[in-house]
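Biologist: Please take one part of this model and walk me through it slowly. I would like to see how a single strand sits among its neighbours.

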Amino acid sequence: MKRMLINATQPEELRVALVDGQKLYDFDIEHPSQEQKKSNIYKGIITRIEPSLEAAFVNYGVDKHGFLPLKEVSPSAVNSDDPNLSRAAIKEQLKEGQEVIVQIEKEERGNKGAALTTYISLAGTYLVLMPNNPRAGGISRRIEGETRNELRDAMAGLEVPEDMGLIVRTAGCGKSTEELQWDLNYLLQLWEAIDRSSKEQSNPFLIFQESNVIIRALRDHLRADIDEILIDKESSFKLVYNFLKQVMPHYLSKAKLYNDAVPLFNRYQIESQIETAYSREVPLPSGGELVIDHTEALTSVDINSARSTKGSDIEETALNTNLEAADEIARQLRLRDLGGLFVIDFIDMLANKNQRAVENRLRDALKIDRARVQTSRISRFGLLEMSRQRLRPSLGDTTQLTCPRCNGQGEIRNIESVALSVLRILEEEAMKNGTEKVIAHLPIECATFLLNEKRPSIDQIESRLKVRIIVLPSKHLETPAYDIERIKNKDDDGSEESASYTQIKAEDTALPEFARQTAPKVEQAVIKEFLPDAPAPVQNKKTSAGLINRFWTKLIGSSAETAEVSTKTTEKSDKTVKPQGEKQQNNRRNPNNRRNLNNRNRNRNPNNRDRNNSQKNKPANGNTTTQNSTPEKKSKEPSVKSPEANTETGEPKPRNQNRKPNRRGYNRKPRAAKPGSEESNVSNKPTPAKDDNTTVKQQESKEAQPNFNKNPKAQSYAANYQKNISAAKSSSEPAPAAAADKHAAKTED
């Protein structure tokens with residue numbers, strides 16, 4: 001059972017967790033003092049254009065100016081209506097002091113300013129609107145198969161302005177045109193409000209602020225598979241309730257207020273799982289562990305087997321550990337919001353199939369990730385490279401500080417190494433001209449090492465260079481910190497020199513750097529928490545067309561229409577023919593259906609075309625014989641049954657229904673005559689009643705003559721033999737049929 005847990009009891013942190021049972025699979029945290037700036041829309045002013053970088057710097061109301069590449073400048077930003085405007089033309093029209101509407105694409109990281117773009121994108125519940133990028137648009141890459149075709153049909157009914165682009169999000173799967181149009185109308189109203197507000201002020205300011213973490217989590221993660229939404233604070237519950245009531249009313253029953261005395265995250269036992277996202281080492285179920293290290297260029301992940309010894313051999317142990325690590329790596333990337341390049345060092349495996357199994361396991365585990373992920377194959381060194389889209393600042397960037405002792409390196413030098421390094425620096429400073437003395441402020445451990453183990457070296461430097469060296473231990477310093485002062489020669493002014501212990505530096509009580517930073521001012525957006533006017537339309541599940549329903553409707557509907565049309569045509573053309581109860585089979589394995597494919601190739605031969613034309617004439621002539629014959633002839637000659645028109649399909653049946661199939665088992669079916677051909681015109685001409693007897697006699701005589709002159713290649717030997725036998729039987733009894741025909745003619749007269 002999947003749940004969304006929202007913990008808002010502490011005002012300093014707002015946490016959203018997605019759990020499956022008691023397994024945490026996604027996590028997001030936000031500090032009110034450090035709200036996310038990505039996707040915020042500002043009005044900015046271009047302050048400088050750098051041709052060497054092909055970029056411009058924009059003042060959008062914060063201390064560090066944003067970085068705007070020229071490729072991210074839209075033609076509308078330079079007041080041009082041409083969507084095909086080249087980058088060179090944009091570069092010429094861009095000027096300093098020009099006002100632009102920008103959106104933050106990447107937030108500030110370290111010394112880098114925020115990356116900006118003028119191609120605005122507004123994310124809705126089901127759609128993403130790009131109001132000044134008509135070239136962009138389409139369907140999310142995650143949507144595949146028949147669902148893409150359904151969404152294309154739904155998008156065809158949307159009223160999208162020509163100068164705008166539209167992308168369907170993954171949440172838009174299975175949505176109707178009315179639901180998509182509702183979301184599009186909301187985004188169009190939002191863009192109109194942004195465009196109108198940008199013209200009210202000339203100074204840089206915040207126009208539109210992205211929703212807080214709760215609204216983002218509901219918009220991005222709330223799907224039909226989420227069974228419950230638990231909130232442990234009443235004010236946050238009201239926010240969720242109002243949002244769902246306006247945007248997703250069909251999910252309103254899932255929102256519940258949590259009032260239990262046990263903390264929400266402790267009830268589902270995920271606090272310990274959240275703590276693993278802050279640690280360097282992550283344990284695996286079998287006893288192995290992951291070691292995650294961050295560098296300036298990439299993030300390295302190392303897999304250690306550690307206590308994992310369950311396998312029968314080393315290959316099986318490595319495979320099982322790597323498979324567990326693949327699942328845990330994908331989970332940790334989501335929990336920590338890590339982005340950039342990654343290098344994963346799997347345990348070496350000899351079998352290629354095991355390597356492919358680990359690669360596939362990692363790709364499957366990354367499918368539920370919202371970020372765009374690219375993976376490579378395991379190299380011959382056992383390394384796998386991958387990249388992950390940076391959606392927002394990582395968990396470490398928002399909640400962790402650089403260690404003041406090691407400066408982020410994670411390791412420090414030992415006492416002896418620091419002391420020897422200080423000794424060399426003392427000698428170097430003493431060798432400079434005009435040096436009177438050198439003072440070294442050291443941690444207690446390093447000063448003790450120099451004053452005892454390295455006292456002869458210090459005495460040698462003093463005697464050789466005639467310079468005093470003073471070592472002052474300080475309890476306020478920790479290894480590897482130290483401070484060295486060089487005192488130059490001064491004229492003797494008669495002042496007495498103070499004692500060495502009075503020169504020890506006092507503790508620096510100044511606030512650390514992170515505490516000395518001024519609290520960032522909270523910007524108030526002109527447009528914030530913009531909600532649609534009307535609630536989302538509820539889709540009727542009975543009328544929703546799935547894959548099977550659409551296929552069945554097309555199949556049954558088309559067959560019913562063709563049956564009705566064929567029945568009407570047969571009733572108009574021939575009312576005397578009795579309908580047969582046979583039903584046409586729609587079976588792909590039927591030989592009659594398969595032979596139609598072979599006839600396409602056979603009809604290319606002129607001999608086969610002549611044979612088919614002759615077979616077309618025979619059913620047309622046989623109809624007159626059947627209409628004028630008596631029941632006595634039908635009982636005596638069952639083998640010479642004339643073909644009757646099929647009332648269901650409207651096509652005439654072949655002459656010989658009882659003949660044996662040929663050597664391939666196919667019953668050859670003659671092609672129906674075209675309505676505009678000569679044969680159909682001849683067969684449809686009415687014949688006078690006086691000539692019925694002569695016509696019947698001529699037709700029977702033609703059928704009675706055995707035809708041995710047909711092309712032997714066109715038919716098989718068995719088919720010719722059966723036709724000759726039937727012709728001989730019909731020629732042996734011509735008199736009764738003729739007499740019956742004469743008697744019928746007299747009665748008609």
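**A close look at strand 18**

Modeller: In this predicted model, strand 17 (residues 289–294) and strand 18 run antiparallel, joined by six bridges. One of the paired positions is easy to find: V291 has D302 in strand 18 as its bridge partner. Four residues lie between strand 17 and strand 18, and the two strands form a hairpin.

Now look at strand 18 itself, residues 299–304. Which of its residues lie on the covered face, and which on the uncovered one? T299, V301 and I303 make up the covered face. S300, D302 and N304 make up the uncovered face. Why does the pattern switch at each step? In a regular strand, side chains alternate between the two faces of the sheet. Note D302 again: this bridge partner of V291 belongs to the uncovered face.

Strand 18 has another partner, strand 19 (residues 340–345). Here the pairing is parallel, over four bridges. S300 shows one link: its bridge partner in strand 19 is V343. S300 is also on the uncovered face of strand 18.

How does the chain get from strand 18 to strand 19? Follow helix 8, residues 314–336. Strand 18, helix 8 and strand 19 together make a β-α-β unit, and this unit is right-handed.

So keep two pairings in mind for strand 18: antiparallel with strand 17, and parallel with strand 19. The hairpin belongs to strands 17 and 18. The β-α-β unit takes in strand 18, helix 8 and strand 19.

Terms used: Residues are numbered from 1 along each chain as its sequence is written. This is a predicted model: local features need pLDDT of at least 70, side-chain atom pairs count only at pLDDT 80 or more; totals for chains, interfaces and linings use all residues. Side-chain values use heavy atoms; hydrogens and water are left out. Buried means under 20% relative accessible area, exposed over 50%, partly exposed in between (1.4 Å probe, protein chains only). Two strands pair if DSSP finds at least two bridges between them. A crossover is right-handed if, with the strands pointing away from the viewer, the path from the first strand over the helix to the second runs clockwise.
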